[in-house]
Amino acid sequence: MPSTASTTAAATPSGTKRGRPGYDQQSVLRIAVDVFNRHGYDATSMGILAENLGISKSAIYHHVPSKGDLLKLALDHALGGLEAILEQPQATSGAADARLEFVLRQTVAVLVDRLPFVTLLLRLRGNTEIERDALARRRLFDHKVAALISAARDEGSLRQDIDPRTVTRLLFGMINSIVEWYRPGGSLSPEKLADDVITMAFDGLHGHQ
């Protein structure tokens, strides 16, 4: 299985530009995502962002036109990482179960690598057009993974007695929960986390007889 590092290396959000001394758009975005996750996007005003950044609201507008633009940059960073997985050769050719395993591993890797951004994505409520567009992109990603599950089931490499839709929901429920409890830098490495997810997904909890 290819190293997750080669396909999910951290990428800076697109559109990064230099701004006022001490900040660029990327650093403003990173702090804004943390504030969105702590307070909720709807409850976060430009004033709250300015306070957390230690700069004026007008200084924020030097980097981005609006709070919505910050949200879009953040969601594009999260979704871009996920969508790129499905374009990798290991996700587009070969046995369906091997492609599914690759996609799940890389999904965990992207989630850990871009944890604050994916956390924000998973907490969207769909109250704005930007949020609804992001949710539609996430649903399309989920549907493509569901199609892989169905293909693996049809090939006979996955069990037949569980509905593919149930499998999809359970898999994403397990993976998405990582944002609530995983802390980078702890004893559980991203690679071991991905191994554990794959073991749970494909082998379950029964020990080998």
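In which helix does Thr166 lie? Thr166 belongs to helix H10, and that helix is a good place to start a tour of this predicted model. The protein has 12 helices and zero strands, so to speak a run of α elements from one end of the sequence to the other: α-α-α-α-α-α-α-α-α-α-α-α. Here is a friendly walk through H10, H12, the largest pocket and the largest cavity.

**Overall picture**

- Of the 209 residues in the protein, 41% are buried.
- Taking contacts between residues at least 6 apart in sequence, 65% join residues at least 24 apart.

**Helix H10**

- H10 covers residues 164–176. With 13 residues at 1.5 Å a residue, H10 should span 18 Å, and this agrees with its end C-alpha atoms, which are 18 Å apart.
- The buried residues of H10 are Pro164, Thr168, Leu171, Phe172 and Ile175. Viewed down the axis of H10, these buried residues fall within an arc of 90°, so they line one face of the helix.
- The general geometry helps here: an α-helix has 3.6 residues a turn, so residues three or four places apart point the same way.
- Arg169 and Leu170 are exposed on the other side of H10.
- The cover over the buried residues of H10 includes H7, helix H9 (129–155), H11 and H12.

**Two threonines in H10**

- Is Thr168 buried or exposed? Thr168, which is found in helix H10, has a relative accessible area of 9% and is therefore buried, as the cut-off for that class is under 20%.
- Setting aside neighbours within four places in sequence, Thr168 is in contact with Asp142, Ala146 and Ile149.
- Thr166 has a relative accessible area of 34%, which makes this residue partly exposed.
- Between Thr166 and Ala146 there are 9.6 Å in space, C-alpha to C-alpha, and the two are 20 residues apart in sequence. Ala146 is also one of the contacts of Thr168.

**Helix H12**

- H12 runs over residues 190–202; its 13 residues should span 18 Å at 1.5 Å a residue, and the 18 Å between its end C-alpha atoms agrees with that.
- Which residues of H12 are buried? They are Leu193, Ala194, Val197 and Ile198. Seen down the helix axis, the buried residues of H12 fall within an arc of 135°, so they too line one face of their helix.
- Among the elements that cover the buried residues of H12 are H7, H10 and helix H11 (178–181). H10 and H12 thus appear in each other's cover: H12 is listed for H10, and H10 is listed for H12.
- Asp196 lies in H12 and counts as partly exposed, at 30% relative accessibility.
- The C-alpha atoms of Asp196 and Arg105 are separated by 9.8 Å, although the two residues are 91 residues apart along the chain.
- After H12 comes Gly204, whose phi is positive, near 75°.

**The largest pocket**

- What is the volume of the largest pocket? It is about 480 Å³.
- The largest pocket is lined by 17 residues, and those closest to its centre are Arg159, Ile162, Val167, Ala201 and Phe202.
- H9, H10 and H12 each supply at least two residues of this pocket's lining.
- The lining of the largest pocket divides by class into 11 nonpolar, three polar and three charged residues.

**The largest cavity**

- How many cavities of 30 Å³ or more does a search of the whole structure find? The search finds one, and about 30 Å³ of space lies in the largest cavity.
- The residues that line the largest cavity are Leu82, Thr107, Leu111, Val118, Leu122, Arg138, Ile175 and Asn176.
- Helix H7 (96–113), helix H8 (115–122) and helix H10 (164–176) each supply at least two residues of the cavity lining.
- By class, five residues of the cavity lining are nonpolar, two are polar and one is charged.
- Ile175 links two of these topics: it is buried in H10 and lines the largest cavity.

Key:
Residues are numbered from 1 along each chain as its sequence is written. This is a predicted model: local features need pLDDT of at least 70, side-chain atom pairs count only at pLDDT 80 or more; totals for chains, interfaces and linings use all residues. Side-chain values use heavy atoms; hydrogens and water are left out. On a 1 Å grid over the protein atoms alone, a cavity is a set of points where a 1.4 Å probe fits but cannot get out, and a pocket is an open set with protein on both sides within 12 Å along at least five of seven lines; lining residues have an atom within 4 Å of a point. Grid points are joined across faces, edges and corners, and a volume is the space filled by probe spheres set on the points. Helices (H or I, at least four residues) and strands (E, at least two) are DSSP runs, numbered from the N terminus. Ala, Val, Leu, Ile, Met, Phe, Trp, Tyr, Cys and Pro count as nonpolar, Asp, Glu, Lys and Arg as charged, and the others, Gly among them, as polar. The expected span of a helix is 1.5 Å times one less than its number of residues. Buried means under 20% relative accessible area, exposed over 50%, partly exposed in between (1.4 Å probe, protein chains only). The arc is that of the directions from the helix axis to the C-beta atoms. Contact means heavy atoms within 4.5 Å.
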